[in-house]
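Look at the model below with its helix pairs in mind. The report starts with helix packing and then turns to the cores, the loops and the chain as a whole.

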Amino acid sequence: MTTRTDNQDQESHRQETTMTATALERTIRRPATRTALDIVIPVHNEQKDLAEAVTRLDAFLADGFPWTTTITIADNASTDATWRIANEMSARFPRVRAVHLDEKGRGRALKRTWLASDALVVAYMDVDLSTDLRALAPLVAPLVTGHSDLAIGTRLSHSSRVVRGPKREFISRTYNLILHGTLGASFSDAQCGFKAARSEVARHLLPMVADDNWFFDTEMLVLAQRAGLRIHEVPVDWVDDPNSSVRIAATATEDLRGIARLAKGFVTGSIPTDRLRAEVRRDAPSTIPGVPSGLAGQLVRFGVVGD
């Protein structure tokens, strides 16, 4: 009788994710030219908020945003009218496309759409748009210039302006302290739903991320840090959504299990971060065609969230 090793499971997961992304790639309606940025909005049963969020985001991008952008609605197994609304938004706005997944899971939706995207930078934001959209250019700019590999919004910086209850604030800070103590995380906010990555980095990194749900963000960032990738942080203005569907207790349990799994993988050497580092280094950074490097550099230096 043959037993599978952790390395074999990791490689099997990597191959499965890559093959799934290739299959999904054939189903996505693509724009005529390659875009600089692809913003994914993962949704599950979000019929109430989806149309307003997409309309607001599209208007923001149309008002002088410096890079060509696609909005991808990633419907993961919704059972309400979300998929119908997603298709209506795709028909209404030229920059919007809709993708349907039969299985639920935010991490799964992001892996499949990011890996299938032909944009040079991929990003995601939560459908409630809790993060002020003025943070989007500072988030994307260091990836455009090739200065950083990933970029995240942080609600825990001294310059962030956050409106939320004391319970969620305590849970968020405690979780990040646990990450710092157990996995040596140096980034400040693992769970803010406002992140981006260079596509060539994502193609190497995401097949190594095993989680398909809420722990996806944390696992991606921990693996990126262990592989020596640059993670840029942007202080954000953020307003809590009181109607959030996230189940705090279940998510916390899932996160603790994920932390234990990663810690074991690093101790046993079953997570090949050295290989990831070598693969990413082979991809030379490139800037976005048609965008002057001076513009991107100015955005990095002077992009400020807020008034």
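The axes of helix H6 (residues 166-183) and helix H9 (residues 248-268) come within 11 Å and cross at roughly 10 degrees. This is a predicted model. Angles under 35 degrees count as roughly parallel, so H6 and H9 are roughly parallel to each other. On the H6 side the contact uses Arg168, Ile171, Tyr175, Ile178, Leu179, Thr182 and Leu183. On the H9 side they meet Ile248, Asp255, Leu256, Ile259, Leu262, Ala263 and Phe266. By class, 11 residues of this contact are nonpolar, one is polar and two are charged.

H9 has a further partner. Helix H8 (residues 216-226) packs with H9 at an angle of about 25 degrees, with the axes 11 Å apart. That angle makes H8 roughly parallel to H9. The crossing of H8 and H9 is right-handed. Here Glu219, Val222, Leu223 and Arg226 of H8 meet Arg261, Leu262 and Phe266 of H9. The contact of H8 with H9 holds four nonpolar and three charged residues, and no polar ones. Leu262 and Phe266 of H9 thus appear in the contact with H6 and in the contact with H8.

Another pair involves helix H2 (residues 50-62) and helix H3 (residues 82-92). Their axes come within 10 Å and cross at roughly 25 degrees. H2 and H3 are therefore roughly parallel to each other. H2 passes H3 in a right-handed crossing. Leu50, Ala51, Val54 and Thr55 make the contact from H2, and Thr82, Ile85, Ala86, Met89 and Arg92 make it from H3. Six of these residues are nonpolar, two are polar and one is charged.

The table sets the helix pairs side by side.

| Helix pair | Axis distance | Crossing angle |
|---|---|---|
| H6 and H9 | within 11 Å | roughly 10 degrees |
| H8 and H9 | 11 Å | about 25 degrees |
| H2 and H3 | within 10 Å | roughly 25 degrees |

Next come the nonpolar cores. Which residues touch the most other members of the largest core? They are Met125 and Leu136, in a core of 41 residues. Several elements each supply at least two residues of this core: strand S1 (37-43), H2, strand S2 (69-76), H3, strand S4 (121-125), helix H5 (136-144) and strand S7 (194-198). H5 gives the largest share, seven residues. Leu136 is in contact with Ile39, Phe60, Leu61, Phe65, Met125 and Phe194, leaving aside its neighbours within four places in sequence. Apart from this core lies another, of 40 residues. Among its members are Leu183, Leu206, Leu223 and Ile271. Leu183 is also one of the H6 residues that meet H9, and Leu223 is one of the H8 residues that do so.

Helix H4 (residues 106-116) is mostly covered. How many of its residues are buried? The count is 11 of 11. The buried residues of H4 include charged side chains: Arg106, Arg108, Lys111 and Arg112 are among them. Trp114 and Leu115 are also on the list of buried H4 residues.

The loops hold some local detail. Asn45 lies in the loop between S1 and H2. Phi of Asn45 is near 55 degrees, a positive value in a residue other than glycine. Asn45 is partly exposed, with a relative accessible area of 31%. Ala77 lies in the loop between S2 and H3. Phi of Ala77 is near 60 degrees, again positive in a residue other than glycine. Is Ala77 buried or exposed? Its relative accessible area is 18%. Buried means under 20%, so Ala77 counts as buried.

Ser157 lies in the loop between strand S5 (150-154) and strand S6 (161-163). At 25% relative accessibility, Ser157 counts as partly exposed. Ser157 and Pro235 are 78 residues apart in sequence, yet their C-alpha atoms are 5.8 Å apart in space.

Last, the whole chain. The protein chain has 11 helices and nine strands. Of its 307 residues, 52% count as buried. Among contacts between residues at least 6 apart in sequence, 83% join residues at least 24 apart.

Technical notes: Residues numbered from 1 in each chain as written. Predicted model: local features only at pLDDT ≥ 70, side-chain atom pairs only at ≥ 80, totals over all residues. Heavy atoms only, no water. Axes fitted to C-alpha atoms, helices over the stretch in contact; angles between N-to-C directions. Helix = DSSP H or I, 4+ residues; strand = E, 2+ residues; numbered from the N terminus. Parallel < 35°, antiparallel > 145°, perpendicular 65-115°, else oblique. Left-handed = near helix turned anticlockwise from the far one by under 90°. Contact = heavy atoms within 4.5 Å. Core = buried A, V, L, I, M, F, W, Y, C linked by side-chain atoms within 4.5 Å. Buried < 20%, exposed > 50% of the residue type's maximum accessible area, 1.4 Å probe, protein only.
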